[in-house]
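Take a look at the chain below and turn it around a few times. Then we can walk through some of its details together.

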Amino acid sequence: AAKLLNKKQAQKNNERPLKHESCARRIQKYVTKKLGEDWIFLILLGLVMALVSWGMDYASAKSLQAYKWMYRALHPNVPMQYLAWVMYPLVLILFAAIFCHLVSPQAVGSGIPELKTIMRGVVLKEYLTLKAFLAKVVGLTAGLGSGMPVGKEGPFVHIASICAAVLSKFMSIFCGVYEVRHMSLHTFDFLVAACAVGVGCCFGAPLGGVLFSIEVTSTYFAVRNYWRGFFAATFSAFIFRVLAVWNKDAVTITALFRTNFRMDFPFDLQELPAFAVIGICSGFLGAFFVYLNRQVVLCIRRHTALSQFLTKYRLIYPGVITFLIATVTFPPGFGQFMAGELMPREAISSLFDNYTWAKYTGDPQILGKSAAWIHPKVSVFIIILLFFLMKFWMSVIATTMPIPCGGFMPVFEIPVLLHKESHTVGRHAEPWHSNFSASSPTEKLSSYN
């Protein structure tokens, strides 16, 4: 393609290609050609997205730490604690909504439906621009740092696609084949790889990213895109986890949500039907989640007066939802019955705790973050059930806010929660595993960690 383009330009300018070129000119052309190859592009795409993902996780984690510190610093003044618990996420969510509206309204939402539309040949203006990238990154960081039940997988697929489109234009200075005009076939291949990178740098799962890219482009998936998606997603996931090790968030490169289950005898055969039931229930609950989310959106759109009012006053809808969710999860209030003080990632990490809460009788504080699930007067099964019901509807309405957000992380809690409940009533009936020989509770906790 590059040769044909050069030949066409030479014929148009009535110039003949030089037969004898200098050595420096040949070296320059060779280096330029190599820099414009696909694997260089994929490495740059994976590196940029890994840095963006780690930076957003770092910023949102610091924001959540400030949130928890502010809440605890006001103890025992409960009214001031409530004010801080509600106002902090409210300010961040309203900032995200205003920033996206002013910079790029196309950054609102997940971005995956628009990306599917683009991959089917429809040209959507302003969806793959730097303005949309900036609005998406800033708005998503604020949303994740607010503690609201929203995820980042969908927006990251959109962000990776923007990076692919911008990088393809940048790489056009090295090789003309990267010129982007009306969504050429080569740009389509890079967008498919970007879908895999978006998932890989979120969860460190390159294979899951490739499968997701196939799902997004299920109508037609070229075989040549398998290696592009896998290579870019693997490189991005590797860099993402290396940055976590460098920041001392992890000892070595491991899974994002690591479990501590026994590997010598992980499950009994009679537990396989329970796993199947968990999968079936999760499928039905996922379909019900999509149905409720759709009904909420349609309900607002069908009422013309309400839709016009919310369009005119854009901050009312996200403000009311954030205020409602923050009020429900307030720890001294109803939040004490649904582990409300745990942020989304903390809840998932504690749900992977290999400990039978129902059999616990000692001081819950030695459990660390898992102590939020134990109440002195309420059964842990009631708390898990309330957490499931409240998080379900809160995630449904939170993902309808006009900010960059996805629903994977909140929905991911559902099967983990179902597994935790079955694990709590399952064969692990002892408070501590038999291979822990420490005598004191503190020593046992250290051995467990």
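Glutamate 126 is partly exposed, because its relative accessible area is 40%. Keep in mind that this is a predicted model, so every value here is computed from predicted atoms. You'll find glutamate 126 in the loop between helix H5 (112-119) and H6. What's odd about its backbone? Glutamate 126 has a positive phi of about 70 degrees, although it isn't a glycine.

Alanine 339 pulls a similar trick: its phi is positive too, at about 50 degrees, and it isn't a glycine. This alanine 339 sits in the loop between H13 and H14. Is alanine 339 buried or exposed? Its relative accessible area is 2%, so alanine 339 is buried.

One more backbone detail is worth a stop. Histidine 75 and proline 76 are joined by a cis peptide bond, with omega at about 10 degrees. Look for proline 76 in the loop between H3 and helix H4 (78-103).

**The whole chain**

Let's zoom out. How many helices and strands does the protein chain have? The count is 17 helices and zero strands. The chain has 449 residues, and 45% of them count as buried. Now think about contacts between residues with a separation of 6 or more: 75% of those in the protein chain are between residues 24 or more positions apart. As for the outside, the chain exposes about 23,700 Å², and carbon and sulfur atoms supply 66% of that area.

**Charged pairs**

Side chains of opposite charge can pair when their charged atoms come close. How many salt bridges does the structure hold? There are three, and here they are:

| Salt bridge | N to O distance |
|---|---|
| Aspartate 57 and lysine 152 | 2.7 Å |
| Arginine 345 and aspartate 57 | 4.0 Å |
| Glutamate 346 and lysine 68 | 3.3 Å |

Start with aspartate 57 and lysine 152, which form a salt bridge with their closest N and O atoms 2.7 Å apart. This pair links distant parts of the chain: aspartate 57 belongs to helix H3 (residues 38-73), while lysine 152 is in the loop between helix H6 (130-145) and helix H7 (153-171), 95 residues apart. Both aspartate 57 and lysine 152 are buried. For aspartate 57, the reason is a relative accessibility of 14%, and buried means under 20%.

Next, arginine 345 and aspartate 57 meet through their side chains in a salt bridge, at 4.0 Å from N to O. Since arginine 345 lies in helix H14 (residues 344-351) and aspartate 57 in helix H3, the pair ties together parts that are 288 residues apart in sequence. Arginine 345 counts as partly exposed, because its relative accessible area is 33%.

The remaining pair is glutamate 346 with lysine 68, whose side chains meet in a salt bridge at 3.3 Å, N to O. Here too distant parts of the chain are linked, with glutamate 346 in helix H14 and lysine 68 in helix H3, 278 residues apart. Glutamate 346 has 18% relative accessibility, so it counts as buried. Lysine 68 has 8% relative accessibility, so lysine 68 counts as buried as well. Which residues end up in one network? Salt bridges that share partners join Asp57, Lys152 and Arg345.

Who else touches aspartate 57? If you leave aside its neighbours within four places in sequence, aspartate 57 is in contact with Lys152, Phe240 and Arg345.

**A nonpolar patch and a helix crossing**

Now for the surface. Leu306, Phe309, Tyr313, Ile316 and Val320 form a nonpolar patch there, and together they have about 420 Å² of accessible area. Helix H12 (304-312) and helix H13 (316-328) each supply at least two residues of this patch. Take leucine 306, which has its place in helix H12. At 37% relative accessibility, leucine 306 is counted as partly exposed.

Two packed helices are described by the angle between their axes and the distance between the axes. The axes of helix H11 (residues 272-302) and H12 come within 5 Å and cross at roughly 95 degrees. That's why H11 is described as roughly perpendicular to H12. Where do the two meet? Ile300, Arg301 and Arg302 in H11 are in contact with Thr304, Leu306, Ser307 and Leu310 in H12. So Leu306 shows up twice in this story: in the nonpolar patch and among the residues of H12 that meet H11.

Technical notes. Residues are numbered from 1 along each chain as its sequence is written. This is a predicted model: local features need pLDDT of at least 70, side-chain atom pairs count only at pLDDT 80 or more; totals for chains, interfaces and linings use all residues. Side-chain values use heavy atoms; hydrogens and water are left out. Patches are made of residues with over 30% relative accessible area and no salt bridge: like charges are joined within 9 Å, nonpolar side chains (Val, Leu, Ile, Met, Phe, Trp, Tyr) within 5 Å. Accessible areas come from the Shrake-Rupley method with a 1.4 Å probe; for residues, only the protein chains shown count as cover. Helices (H or I, at least four residues) and strands (E, at least two) are DSSP runs, numbered from the N terminus. Buried means under 20% relative accessible area, exposed over 50%, partly exposed in between (1.4 Å probe, protein chains only). Axes are lines fitted to C-alpha atoms, for helices over the stretch in contact, and angles run from 0 to 180 degrees between N-to-C directions. Angles under 35 degrees count as roughly parallel, over 145 as roughly antiparallel, 65 to 115 as roughly perpendicular and the rest as oblique. Contact means heavy atoms within 4.5 Å.
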